[in-house]
Each structure stands twice: as C-alpha cells, then as structure tokens.
Protein chains: 2
Amino acid sequence: MAEYIFGIDVGGTTVKLGLFDIEGTVLDKWEIVTRKDNGGELVLPDIAESVKAKMAEKNIAADAVAGAGIGVPGPVDGNGVVHKAVNLGWGEKNVAGELSALLGGMKVMAGNDANVAALGEQWKGGGQGCDSIVMVTLGTGVGGGIIIDGKIVCGSTGAAGEIGHIHVQDGEPEACGCGNHGCLEQYASATGIVRLANRALAASDKDSVLRTGEVSAKTVFDAVKDGDVLACEIADSFGKYLGDGLACIAGVVNPDAFVIGGGVSKAGQVVLDYIEKYYTTNVFHGSRGVAFKLATLGNDAGIYGSAKMVI
Amino acid sequence: MAEYIFGIDVGGTTVKLGLFDIEGTVLDKWEIVTRKDNGGELVLPDIAESVKAKMAEKNIAADAVAGAGIGVPGPVDGNGVVHKAVNLGWGEKNVAGELSALLGGMKVMAGNDANVAALGEQWKGGGQGCDSIVMVTLGTGVGGGIIIDGKIVCGSTGAAGEIGHIHVQDGEPEACGCGNHGCLEQYASATGIVRLANRALAASDKDSVLRTGEVSAKTVFDAVKDGDVLACEIADSFGKYLGDGLACIAGVVNPDAFVIGGGVSKAGQVVLDYIEKYYTTNVFHGSRGVAFKLATLGNDAGIYGSAKMVI
C-alpha cells in the first residue's frame with residue numbers, strides 16, 4: 001500500500017525535495033545543490049541518489065512509495081519531456097522517463113516549475129478549496145500557471161500560463177526579455193513596478209518619499225501604505241495593467257480564484273486591492289465574482305505541486 | 001452494444017437534431033420549432049418526443065443508444081445545469097437531468113451552445129486532428145469556446161470562452177451589449193467591423209467603394225479583395241484588435257489551433273491573414289506556431305459537438 005510521495009523542485013542553484021504522506025502532509029524537507037556541469041547531466045542522478053538515501057534513512061520500501069513528481073524550469077509536455085531548460089543546460093530531455101529509470105521504475109511525473117507551483121497552491125495553499133485557479137507570480141518577471149479541475153494546463157508547446165508575456169501596451173520603447181515590446185511583466189513584475197516608478201518620478205514634480213531612497217516594489221508599496229500620493233499613482237498604474245490582464249484571462253478560463261504570489265505579493269492585501277479595482281471595472285459580468293487570494297506556500301509551492309502530480 | 005448518439009442544438013427559433021453513429025458520422029439531421037411558451041416548458045418535452053419518434057422510425061432500441069448531448073444558449077455548469085437561458089425563458093434548469101428523465105434514463109450531457117460548437121469543430125471540423133483549440137465565432141457578436149485535451153472548459157460559473165468581452169480598448173464611448181465599454185466584440189464582430197468602417201469613413205476623405213453602398217463585414221472584405229485602400233485600413237484595424245486578443249488567449253492556454261467561424265469568416269483566408277499579421281507580432285514566441293484554421297461545419301457544429309460530449 002503506497003503511503004509516501006516525493007515532491008521535487010529543480011532550481012538553477014538548489015533542488016528542493018519533500019517527503020509527503022498520501023494526504024499531502026509534508027514529513028521532511030531538504031535541499032541539494034544543483035550541479036550543472038556538463039550540460040546538467042548530474043542533476044537527475046543526484047536527485048535519484050538523494051531520494052534513495054532518504055528512503056534508506058526512513059526505512060521506506062519501494063512499494064510504499066506512490067511516486068515522485070518533479071518540477072523543472074522549462075516547457076514540459078504531457079509526456080514529461082522538457083524541451084529546453086536553459087538554466088540547467090538541458091536541451092530536450094525525457095525527465096520523467098530518465099528519473100523513473102534511475103529510481104528503479106518508480107512512477108515519475110514531470111511538469112514546468114511555474115505550473116507545478118500553481119498546482120501546489122491550488123492543493124494546499126492560497127487556492128485550497130478551489131478546483132480551478134490561475135496562479136500569478138509577481139517576481140523579477142511575471143509567471144503564471146493555469147489549473148483547471150485540479151489539473152495543470154500545459155498547452156500545445158508547454159507555453160500555457162505564460163501570462164507575463166501578454167501584450168498590454170502598444171508603443172513601449174524598451175524590449176521585454178522575450179524580445180517583444182509591451183508585455184505585462186514590463187509593468188507588473190517587481191522590475192516593472194520600478195520602471196513605472198522611475199517614469200512617474202521623471203514625469204512629475206510631486207514630492208515623494210521615493211525621491212529620497214531606493215526605488216523598489218517594496219518601497220513603492222510601503223509608501224502607498226503611508227499615503228504617498230505619487231506612490232499611489234504608480235500602484236494605480238500597476239493595478240490597471242494587471243487588473244486588465246487578469247480580466248482578460250478570466251474571459252478565457254473563468255477560474256474560481258486568482259492566487260497572487262511572488263515577492264511583490266509580500267506587500268499583502270493592498271496589492272490585491274489595486275488589482276481588483278481595475279479587474280472589476282473591465283471584466284465580463286460572469287467572472288466578476290472570481291476570488292483574489294494571496295499565495296501561502298512561498299518557496300515550498302513547487303514541492304507540494306510536484307507531489308500532487310503523482311496522485 | 002451502443003451504436004447511436006443523438007446530438008441536439010437548441011436555438012431561439014429552431015432546435016437542430018442529428019443522429020450519429022459512434023464514429024461521428026451523421027446518419028440523419030432534422031429540425032423542430034423551439035416552442036418558448038410558458039417559460040420554455042415545452043422545449044425539452046418536444047425534444048424528447050422527437051428523439052423517441054426518430055428511434056421508432058429507425059427501429060432503434062434504447063440499449064443501442066449511447067446517449068444524447070444537448071447544447072443550450074446559456075451558461076451550463078459541469079453537472080449539466082443551465083443557470084439562465086434568456087432566449088428560451090429558462091431560469092436555473094437541470095437540462096441534463098430533465099431530458100434524461102424524459103428519455104427513460106438515457107445518458108444526457110449538456111453544455112453551452114458556443115462551447116459545444118467548439119467541441120464539434122475540434123472533433124469533425126476545422127480543428128480536426130488538434131487536441132486543444134480555441135474556437136472564435138465572428139457573428140453579430142464574438143463567441144468563443146475553449147477545448148483542452150478534447151474537453152470543454154466551462155469555467156467556475158460557465159463563463160469560460162467569453163472572449164468577445166475581453167477588454168481591448170480604453171475610452172470607448174459606446175457600450176457593449178454586456179454593459180462594459182471597449183470589449184473585443186465591439187471591433188471584431190460583424191457589427192464591430194461596421195462600427196470601425198463608419199468611423200474610418202467619417203475620419204477620412206479617401207475615396208472608397210464603401211461610400212457608395214451598404215457597409216457590412218461582407219462589403220468591407222469584398223472591397224479589401226478589390227484593393228480598396230480604406231477597406232484595407234478597416235480590415236487592418238479589425239486584425240489588430242482580434243490578433244492582439246488571440247495572442248493574449250494563446251498566452252493563457254497555448255492551443256494547437258484557433259478555429260475561426262461565423263458569418264465574418266465566410267470572407268475566407270483574407271480574414272485569417274489580417275488576424276495573423278498582428279497575432280504574430282505580439283504573441284509570446286512559444287505560441288507563435290499556433291495554427292489558424294477556418295471552421296467547416298457551419299450551423300452543424302452544435303449537433304456534432306453535442307454528440308461528442310456523450311463519448
């Protein structure tokens with residue numbers, strides 16, 4: 001009788017691993033270094049050794065393990081094949097198949113890391129109790145993951161949930177990291193908020209605490225909480241871009257909830273308030289009741305979601 | 001052994017019905033009038049009588065029928081309950097349950113008509129061979145349906161695929177039928193194209209064949225084919241709104257294909273060309289290869305998709 005699941009989240013620096021019971025309670029968490037030498041050929045063997053060592057340490061037999069899930073930073077298709085994971089040095093790689101072979105045929109499910117984190121939040125985080133969520137991660141970029149009826153939407157080429165690259169602004173002179181101009185993440189990520197702030201500071205002569213210190217997503221929202229007028233205008237601009245973008249997404253998949261995570265979300269409810277203001281204005285009435293929630297699992301979302309893929 | 005399926009598409013004027021074999025070949029098609037008296041209480045009984053009459057006519061036993069699918073004009077949840085179908089006079093109604101009871105316990109699946117038509121096009125129409133499509137119907141309004149891995153995405157309140165009401169333009173003075181301002185269907189539907197044309201004609205003093213006759217989506221695209229410069233500008237504006245909108249949708253669900261149907265699509269490949277021009281400019285590179293196809297089933301898409309729901 002299978003009692004255990006391993007959840008694995010591969011990052012460019014460390015691999016996070018978790019041992020879960022079948023209900024999704026985390027029993028142990030640990031990390032190993034991501035060794036990227038020689039095109040990342042050691043990553044999966046290192047993971048397999050670590051899983052086997054944990055099984056030996058806890059005296060867990062192979063038939064007591066339901067399987068392992070693994071999230072990787074790249075597009076993954078429905079067969080568990082990653083098509084390119086630049087940060088690991090991988091080209092096309094059958095992650096699920098190779099890790100399974102290294103683990104003596106254990107069931108292994110693989111997914112894109114952002115999608116897997118979304119699944120984790122839907123299962124045990126901010127989206128708990130919702131069948132369908134859209135996870136929005138506001139960090140250096142804007143990441144996303146679409147969960148419908150408890151399952152990840154991968155897309156035909158693994159590019160579903162790439163909501164940071166929705167085009168929201170014509171005429172943007174600066175290029176996004178993807179090469180396009182006017183992508184959502186150019187305005188709604190932590191770096192996007194700094195862009196909006198610098199432009200607002202340059203275009204206005206209003207007094208603001210932001211003129212005297214570091215400009216970051218955190219200092220902008222701190223200033224908003226202190227009633228700084230220019231900071232509120234910057235947050236309003238952020239909310240317009242992201243609220244309109246999420247209204248568009250709701251018109252496509254009409255989720256139960258949006259779950260907002262990443263560094264920017266640490267400012268808390270005020271972030272949701274600015275998003276919802278514009279979301280509500282422009283969304284189709286059938287999606288007006290979609291809930292907005294903050295993510296709760298932080299960096300553990302990936303190991304939770306990886307484990308959930310196995311069930 | 002079940003050999004037959006009924007596909008039913010309920011419209012405000014007529015109900016279309018089809019008898020299919022289990023492979024999806026249509027064996028017979030017919031229509032009945034939609035009797036909307038007394039809050040539409042006769043609609044389902046009329047359908048049940050028509051199905052039973054067809055079974056008697058063709059000498060089909062109950063156990064030879066795999067089931068019936070039914071598409072209705074309103075939001076339908078995952079349990080086959082419609083929440084409001086204004087055109088039929090229905091409030092909340094368990095369509096699947098009631099029709100099943102009227103048909104002696106036959107398996108009945110119900111869905112929203114636009115979503116069901118999308119499923120039909122994915123199964124036997126323009127999207128054949130694709131697991132995941134977004135159907136875009138350019139008629140009086142802009143309708144949509146999202147099919148992922150061969151299944152309809154309903155959304156939490158049945159409002160998935162409402163892509164006509166994605167907000168694409170700030171500052172639009174005219175209201176959309178939904179009450180919002182600046183919805184995609186205000187520019188990309190047949191009536192939206194007329195709006196764009198009338199505005200272009202008023203704002204320009206360019207000569208155009210459109211100044212001399214009726215302005216419609218058809219006359220605009222006919223003029224485009226004749227090289228009318230102003231008509232090409234109007235088509236370009238249409239393509240910009242719709243291409244950007246579909247690029248956004250691809251960022252969410254990354255389908256295999258967009259299938260374009262409805263009256264506007266009768267102009268053919270030229271419509272796809274104007275959409276793809278802007279789609280390709282602004283879409284995330286991972287979705288650049290999504291195919292654009294014309295719908296092929298016309299008004300039969302609904303009966304095909306209804307039948308497919310049963311399988």
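# How do you know? Two chains, questioned

Helix α4 (residues 113–124) of chain A lies across β8, β9, β10 and β11 (257–261) of chain A, at about 55° to β9(A). This is a predicted model.

User: What makes β10 and β12 of chain A edge strands?

Analyst: Start with the order of the open sheet of five strands: β10-β9-β8-β11-β12 in chain A, with mixed pairing. β10 (151–152) and β12 (291–294) each pair on one side only, and that makes them the edge strands.

User: How do you know that β8 and β9 of chain A pair?

Analyst: Count the bridges. Two strands pair if there are at least two bridges between them, and β8 (residues 133–138) and β9 (residues 142–148) of chain A are joined by six. So they pass the test for pairing. The two run antiparallel, and A:Val134 stands opposite A:Ile146 in β9(A).

User: Why is A:Glu214 called exposed?

Analyst: The cut-off for exposed is 12 or fewer C-beta atoms within 10 Å. A:Glu214 has 8 C-beta neighbours inside 10 Å, so it counts as exposed. You'll find A:Glu214 in the loop between α6 (190–203) and α7 (217–225) of chain A.

User: How do you know that the two copies are related as by a two-fold rotation axis?

Analyst: Look at what it takes to lay chain B on chain A: a rotation of 180° with 0.0 Å of shift along its axis, giving an RMSD of 0.0 Å. The copies are thus related as by a two-fold rotation axis. The same surface serves both, too: 100% of the contact residues of chain B recur in chain A.

User: Which residues does B:Val253 contact, away from its neighbours in sequence?

Analyst: Setting aside neighbours within four places in sequence, its contacts include A:Ile146, A:Val153 and A:Val253 from chain A, plus B:Val134 and B:Ile146 from chain B. B:Val253 also belongs to the largest nonpolar core, which has 218 residues. There, A:Val220, A:Val253, B:Val220 and B:Val253 touch the most other members.

User: What makes up the side of chain B that touches chain A?

Analyst: The contact takes 35 residues from chain B and 35 residues from chain A. On the chain B side, β9 (142–148) and α8 (229–253) each supply at least two residues. The largest share, seven residues, comes from α8(B). By type, this side divides into 16 nonpolar, 16 polar and three charged residues.

Terms used:
Residues numbered from 1 in each chain as written. Chains lettered and ligands numbered in written order. Predicted model: local features only at pLDDT ≥ 70, side-chain atom pairs only at ≥ 80, totals over all residues. Core = buried A, V, L, I, M, F, W, Y, C linked by C-beta atoms within 7 Å. Buried ≥ 20, exposed ≤ 12 C-beta atoms within 10 Å, placed from the backbone. Contact = placed C-beta atoms within 7 Å. Helix = DSSP H or I, 4+ residues; strand = E, 2+ residues; numbered from the N terminus. Nonpolar A, V, L, I, M, F, W, Y, C, P; charged D, E, K, R; others polar. Axes fitted to C-alpha atoms, helices over the stretch in contact; angles between N-to-C directions. Least-squares fit on C-alpha atoms with pLDDT ≥ 70 in both.
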